[in-house]
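Student: Could you walk me through this fold before I get back to the bench? I'd like to ask things as we go.

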Amino acid sequence: LNTDTFRQDSKPKADILLAIDKSCSMSDEQMALASNMSSFLQYAISNQVDFHIATINTEMAEATRMNFNVSAGGNKILRPTTPNLQQEFNSIVMVQSGGATESCMDPATLALTAPAITDPTRNAGFLRNDAVLAVVCVTDAQDQAPQAPVFYLNQLVNIKGAQRASAFTYNVIGPFLPSPPSGCSYDGSADDGRHAFMVSQTTGVKEEICTPNWAVALERIGKSAFGYRTNFFLTSRPDLSSPTGIQ
């Protein structure tokens, strides 16, 4: 008889960076995002997650790309104790439309590494050593970062360190269908494999930007981003021929 025991953290600690596409083609998806993103926040609140949440946009040409968007209340980082949390959250996920070259990998890496992450006027205070880290990319376009995905992957994974690689996930709500369904559109073609690579290499979650059920998609993203394990591996192969089976 072999018994495996698994325990979830009763109060996970997570730092979440939302990278949201600001291109004009995202106007219809941004409306869906704003109306459904509360599912993401409520999941964190109901599960008592100790979170830091901040956003960046995906426009690579902007000089401010390393700065987190500031909410209506002047908060760069949202926490469970932030006053008017839902209103503040809504204000940071609705980024201003406009732009030409979109990427999640490039600005996310710039925002989470030096010099931006150590600068008190920029992003210092967002990362916590004992928290899991997640990037959640929301885009209707291929990632147009100038370097190969592995360039950004190595830098992002190194934030938590090679010994804690599982403490980082890269998640994408993006263009993953061969062609968008009626009533929805992509900015160009579907993912060319760059989004999927980042997700698979970090055991993240990918969801379709044109999904009709954002609440379910955001819950799956939330389970990953907020540090909950959804796969549990046994220490040995079970004997399926045993009359007692698996309990």
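Tutor: What follows takes the overall layout, then some helices, a strand residue and a few backbone details. This is a predicted model, in which local features need pLDDT of at least 70 and side-chain atom pairs count only at pLDDT 80 or more, while totals for chains, interfaces and linings use all residues. Residues are numbered from 1 along each chain as its sequence is written, and side-chain values use heavy atoms, with hydrogens and water left out.

Student: OK, how many helices and strands are there in the protein?

Tutor: The protein has seven helices and five strands, where helices (H or I, at least four residues) and strands (E, at least two) are DSSP runs numbered from the N terminus. Along the sequence they follow the pattern β-α-α-β-α-α-β-α-β-α-β-α.

Student: And what share of the residues counts as buried?

Tutor: Of the 247 residues, 46% count as buried; buried means under 20% relative accessible area, exposed means over 50%, and partly exposed is in between (1.4 Å probe, protein chains only). Among contacts with a separation of 6 or more, 78% are between residues 24 or more positions apart, a contact being heavy atoms within 4.5 Å.

Student: Switching to helices, at what angle do H2 and H3 cross?

Tutor: The axes of H2 (residues 38–46) and H3 (residues 85–93) come within 10 Å and cross at roughly 140°; axes are lines fitted to C-alpha atoms, for helices over the stretch in contact, and angles run from 0 to 180 degrees between N-to-C directions. H2 and H3 are therefore oblique to each other, since angles under 35 degrees count as roughly parallel, over 145 as roughly antiparallel, 65 to 115 as roughly perpendicular and the rest as oblique.

Student: Which residues meet there?

Tutor: From H2, Ser38, Phe40, Leu41, Gln42 and Ile45 meet Leu85, Gln86 and Phe89 of H3. The residues of this contact of H2 with H3 divide into five nonpolar, three polar and no charged; Ala, Val, Leu, Ile, Met, Phe, Trp, Tyr, Cys and Pro count as nonpolar, Asp, Glu, Lys and Arg as charged, and the others, Gly among them, as polar.

Student: What about H6, which of its residues are buried?

Tutor: In H6 (residues 194–201), Arg194, His195, Met198 and Val199 are buried. Seen down the axis of H6, these buried residues fall within an arc of 135°, so they line one face of the helix; the arc is that of the directions from the helix axis to the C-beta atoms. What covers them includes H4 (105–112), E3 (132–138), H5 (149–160), E4 and E5 (206–208).

Student: Is asparagine 171 buried or exposed?

Tutor: Asparagine 171, in strand E4 (residues 168–174), is buried, with a relative accessible area of 0%. Not counting residues up to four places away in sequence, asparagine 171 touches ten residues' worth of neighbours listed as Ala134, Val135, Val136, Cys137, Val199, Gly204, Val205, Ile221, Ser224 and Ala225.

Student: Last topic, the backbone: where does threonine 203 lie?

Tutor: Threonine 203 is in the loop between H6 and E5, and its phi is near 55°, a positive value in a residue other than glycine. At 63% relative accessibility, threonine 203 counts as exposed.

Student: And which peptide bond is cis?

Tutor: The bond from alanine 114 to proline 115 is cis, with omega near 10°, and proline 115 lies in the loop between H4 and E3. Most residues other than glycine have a negative phi, and most peptide bonds are trans.
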